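Please look through the sequence and the model below before reading on. The paragraphs that follow take the sheet, its strands and the packed helices in turn.

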Amino acid sequence: MHRTVFESPFFSRLFQAVSILFLKIAGWRRIGRVPDLPKYVMIGAHHTTNWDAPIAIAMVFAFRIKAYWLGKHTAFRWPFGGLLKWLGGIPIDRTKSADVVAQMAEEMKKRAELVLLLAPEGTRKKVTRWKSGFYHIARGAGVPVVLAFLDYARKEGGLGPVFHPTGDFDADMREILRFYATVTGKHPERMGAVEVPRG
């Protein structure tokens, strides 16, 4: 993995201070604690607006979570590619998503520490099924899934339960979706995941 802002004590503390101030001004409260785990997949939902990204990034910096995240490879073009990678971004080609799942699972198994942040809805538009890649990465790497959230109704965001995949995909997804049923996105009409995604 490439170096990120978290390798710089000065910038990581600066970004944490700025993020805490931003969240306070915006009226957001942080909920939960960072799990004492070296490796995990962290998912965030519901994704219904462009505002999710800056608020989620601010939450990550406020909690001081050294998280990597996946983004469309086209977003990493000059002049912003270097900056996005420095902020933890990993460019991916979505036409090769199956390869990405296998590669990320292997990468997590090889590394002593790694937090991977994913948005299982994959889009701001309403979807009836989440993408299941996050589950298969976690299961393949033998790591838990941390359920992160942004609740616009309560103006609260942060870290929920730590979920350990059992291998029973349908049962596990029902349990995960049960947690997110209590979370309200900025545009509730765009909230999806009304069905268990296909494994």
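Where two elements are said to meet or touch here, contact means heavy atoms within 4.5 Å. The model is predicted, and everything described below should be read with that in mind.

A good place to begin is the sheet, which is open and consists of seven strands in the order β1-β7-β6-β2-β5-β3-β4, with mixed pairing. Strands β1 (29-31) and β4 (89-92) stand at its edges and have a single partner strand each, so that one side of each is left without a neighbour in the sheet. On average, and with direction ignored, neighbouring strands of this sheet are turned by 25 degrees against each other.

From the edge strand β1, the path across the sheet leads to β7 and then to β6. β1 pairs with β7 in the parallel sense over three bridges, and within this pairing I31 has G158 of β7 as its bridge partner. Strand β7 (residues 156-163) in turn pairs with β6, here in the antiparallel sense and over six bridges, with G157 in β7 as the bridge partner of L150. The hairpin of β6 and β7 has four residues between the strands, and in this hairpin K155 takes a positive phi near 55 degrees. On the β2 side, strand β2 (residues 39-45) and β6 pair in the parallel sense over five bridges, and G44 stands opposite A148 in β6.

How many residues of strand β6 (residues 145-151) are buried? Seven of its seven residues are, and to see how they are distributed it helps to recall that in a regular strand the side chains alternate between the two faces of the sheet. In β6 both faces are covered, since V145, L147, F149 and D151 are buried on one side, and V146, A148 and L150 are buried on the other.

Two helices can now be placed against these strands. Helix α5 lies across β2, β5 (114-118) and β6, and runs at about 165 degrees to β2. Helix α6 also packs on the sheet, where it touches β2, β6 and β7, and its direction makes about 25 degrees with that of β6. In α5 (residues 133-141) the buried residues are G133, F134, Y135, I137, A138 and A141, and the helix is followed by G142, whose phi is positive, near 70 degrees.

α5 and α6 also pack against each other. Two packed helices are described by the angle between their axes and the distance between the axes. For α5 and α6 (residues 169-180) the angle is about 115 degrees and the axes are 12 Å apart, with α5 passing α6 in a right-handed crossing. In this contact F134, Y135 and H136 of α5 meet F169, D172, M173 and I176 of α6, and by class the residues comprise five nonpolar, one polar and one charged.

A further helix pair is formed by α1 (residues 9-26) and α2 (residues 52-63), which pack at an angle of about 130 degrees with their axes 8 Å apart. That angle makes α1 oblique to α2, and α1 passes α2 in a left-handed crossing. Which residues of α1 and α2 meet? On the α1 side they are F15, Q16, S19, I20, F22 and L23, and on the α2 side P54, I55, A58, M59, F61 and A62. The residues of this contact divide into 10 nonpolar and two polar, with no charged residue among them.

Terms used. Residues numbered from 1 in each chain as written. Predicted model: local features only at pLDDT ≥ 70, side-chain atom pairs only at ≥ 80, totals over all residues. Heavy atoms only, no water. Axes fitted to C-alpha atoms, helices over the stretch in contact; angles between N-to-C directions. Parallel < 35°, antiparallel > 145°, perpendicular 65-115°, else oblique. Left-handed = near helix turned anticlockwise from the far one by under 90°. Nonpolar A, V, L, I, M, F, W, Y, C, P; charged D, E, K, R; others polar. Buried < 20%, exposed > 50% of the residue type's maximum accessible area, 1.4 Å probe, protein only. Pairing = 2+ DSSP bridges.
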